[in-house]
Amino acid sequence: MAAPVLRGVRELMRRVDFAPIPRRHRHKKKWAATEPKFPASQLALQNFDMTYSVQFGDLWPSIRVSLLSEQKYGALVNNFAAWDHVNARLEQLGARDFVSEAISHGEPEHKSGHSATPSSACSPNLQCFTFARGDISRFPPARIGSLGVMDYYLMDAASLLPVLALGLQPGDIVLDLCAAPGGKTLALLQTFCCRNLAANDLSTSRTSRLQKILYNYVPQDIREGNQIRVTSWDGRKWGELEGDTYDRVQVEDLSHFRKLFTDTFCFFPSCHVGELVIPNLMANFGPMYFCKMHRLT
């Protein structure tokens with residue numbers, strides 16, 4: 001009786017030993033009927049190609065390659081830190097302050113009667129270093145300086161253009177409706193023009209990141225004072241909550257900005273309202289659309 005049982009056990013073990021071990025697949029073969037034929041990323045690129053090749057025409061292949069390449073960043077100098085030492089360190093890396101460079105080139109043309117943007121048309125006190133076109137060097141991570149705050153903030157330099165276009169003046173009350181993750185809000189504070197700044201973003205998780213950036217870059221007395229307010233309200237209803245409170249809102253012509261910063265950014269030439277920075281392999285910033293408005297009444 002024991003012999004047949006042992007033979008049965010050996011047969012079972014032999015089958016188990018030689019049974020093929022199933023491989024692990026991202027999509028199990030027994031569910032092959034539901035396995036996608038194309039990856040989601042490939043389908044997204046196909047939709048991008050169909051949509052944006054019509055809008056951008058011959059520019060789209062360059063934009064597409066740039067979007068798939070490593071993004072380029074600028075270093076926004078933190079004016080709450082020892083900014084003179086920060087500037088010297090960034091210049092040693094071979095970077096340049098594209099804001100002051102563009103404004104210094106634009107002012108002689110303005111004085112000679114040509115159409116250009118004087119420095120007074122841009123928000124003041126902003127310094128942002130970038131590497132030259134075609135230079136893919138990267139900035140080292142920012143570190144805490146001698147004054148207890150981070151030296152500079154790495155951001156898409158195109159995100160600074162809306163802040164520059166605002167043309168802030170001392171004492172302005174400013175609302176940033178899409179404040180997170182925090183680059184533009186930090187830039188607004190660097191101008192030293194905001195008597196009061198409301199930084200709003202509907203996403204509470206994104207405002208948490210904004211709070212962290214303010215903690216790392218802005219001194220405690222300013223963070224805890226009445227100058228900055230962080231909220232997570234629905235921006236579409238802001239007029240009902242605080243109507244007629246904020247300075248600056250009509251669309252202005254910003255074609256002068258295209259001329260002023262053409263050495264740093266690549267602009268889409270067919271924008272009828274506002275300006276659009278498009279990525280380019282030589283200057284991989286953006287995409288960033290911005291326009292300027294003034295209150296009519």
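**Exercise 1. Place T264 in the chain, decide whether T264 is buried or exposed, and list its contacts.**

Step 1. T264 sits in the loop that runs between α11 (255–260) and β8 (275–277). Helices here are DSSP runs of H or I with at least four residues, strands are runs of E with at least two, and both are numbered from the N terminus. The model is predicted: local features need pLDDT of at least 70, side-chain atom pairs count only at pLDDT 80 or more, and totals for chains, interfaces and linings use all residues. Residues are numbered from 1 along each chain as its sequence is written, and side-chain values use heavy atoms, with hydrogens and water left out.

Step 2. The relative accessible area of T264 is 4%. Buried means under 20%, exposed over 50%, and partly exposed in between (1.4 Å probe, protein chains only). T264 is therefore buried.

Step 3. Contact means heavy atoms within 4.5 Å. Leaving aside neighbours within four places in sequence, T264 is in contact with R96, F98, T130, R133, A283 and F285.

Step 4. The side chains of T264 and R96 are joined by a polar contact of 3.1 Å. Such a contact is a pair of N or O atoms within 3.5 Å; within protein, one must be able to donate a hydrogen and the other to accept it, and residues adjacent in sequence count only if both atoms are side-chain atoms.

**Exercise 2. Treat Q127 in the same way.**

Step 1. Q127 belongs to the loop between α5 (98–111) and β3 (128–130).

Step 2. With a relative accessible area of 14%, Q127 is buried.

Step 3. Not counting residues up to four places away in sequence, Q127 touches A75, L76, V77, N79, W83, N87 and D97. The side chain of N87 makes a polar contact of 2.6 Å with that of Q127.

**Exercise 3. Describe how α2 packs against α3.**

Step 1. Two packed helices are described by the angle between their axes and the distance between the axes. For α2 (residues 40–56) and α3 (residues 60–67), the angle is about 140° and the axes are 9 Å apart. Axes are lines fitted to C-alpha atoms, for helices over the stretch in contact, with angles from 0 to 180 degrees between N-to-C directions.

Step 2. α2 is therefore oblique to α3; under 35 degrees counts as roughly parallel, over 145 as roughly antiparallel, 65 to 115 as roughly perpendicular, and the rest as oblique.

Step 3. On the α2 side, L45, F48, D49, Y52, S53 and F56 meet W60, I63 and R64 of α3.
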